[in-house]
Amino acid sequence: MCGRFAFWSPTEAAAALFDFDPAFAMEPRYNIAPSLDIAAVRAAGAERRELVKLRWGFIPSWATDPSIGNRMINARAETVAEKPAFRNAYRKRRCLILADGFYEWRKEKGGKTPYFISLASGEPFAFAGLWEPWTDKETGESRETATIVTTAASDFLATLHDRMPVVLGPDTASAWLGGQPVEAVIDNPPELRAWPVERQVNNARTEGPELIKRAAKG
């Protein structure tokens, strides 16, 4: 799964990779948790991509209780095309969720150790995502929500966790937004790197670049 990630690169740097209009800047964040706004890119017509803020935690349009989003932060690649909650978004509402890295926790003696994972190149990248508009029928409140698509862990990450987000570069990002099957973008994942970090990242309220520093004993 993917339950926490970071995105701190300048919006212009991500725009150069993923060809979108950097209409606004996102504040650098190192501990993005579910229910927060995330930076996402989606098609805006045939020739343009737009940067938007989406709420992390997918709420299907038919849902009456928005708390369902807390359980739908990830969508499994193996079932995303058929699962009722996601299949319409899979066909019509795909997005790129911008990131510089993500966290996974490995079970070890004495508890779980958090690891930070990023591209070996250090460049920003994108997760394959889906988005969905939702309106509260009682209050009229509207929001746009998103989920991160996950797949089986690569050989490199399998020692940390059995799942990982679908990581996209510029080429696979275009294939994803263009409607290619999810299987077409999970082959040959990019080279990753990982290192242990301090457990202060476990608290979703903590923030700052110190969270991605290698742990003193790592």
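Colleague: What do E9 and E10 form, and how many residues are between them?

Modeller: A hairpin, with 6 residues between the two; Gly-140 in the turn has a positive phi of about 85°. Bear in mind this is a predicted model: local features need pLDDT of at least 70, side-chain atom pairs pLDDT 80 or more, while totals for chains, interfaces and linings use all residues. Numbering starts from 1 along each chain as its sequence is written, and side-chain values use heavy atoms, without hydrogens and water.

Colleague: What makes E9 a strand?

Modeller: Strands are DSSP runs of E with at least two residues (helices: H or I, at least four), numbered from the N terminus. E9 covers residues 125–135, so it qualifies under that rule.

Colleague: How do you know that E9 and E10 pair?

Modeller: Pairing takes at least two DSSP bridges between two strands. E9 and E10 have 7, in the antiparallel sense; in one of them Gly-129 partners Ile-148. E9 also pairs antiparallel with E6, over 6 bridges.

Colleague: Why is E9 called largely enclosed?

Modeller: Because 9 of its 11 residues are buried, meaning under 20% relative accessible area (exposed is over 50%, partly exposed in between; 1.4 Å probe, protein chains only).

Colleague: Which residues of helix H1 are buried?

Modeller: Thr-11, Ala-14, Ala-15 and Phe-18. They span an arc of only 105° around the axis, so they sit on the same side of H1; the arc is taken from the directions from the helix axis to the C-beta atoms. Glu-12 and Ala-16 are exposed, on the face turned away from that buried side.
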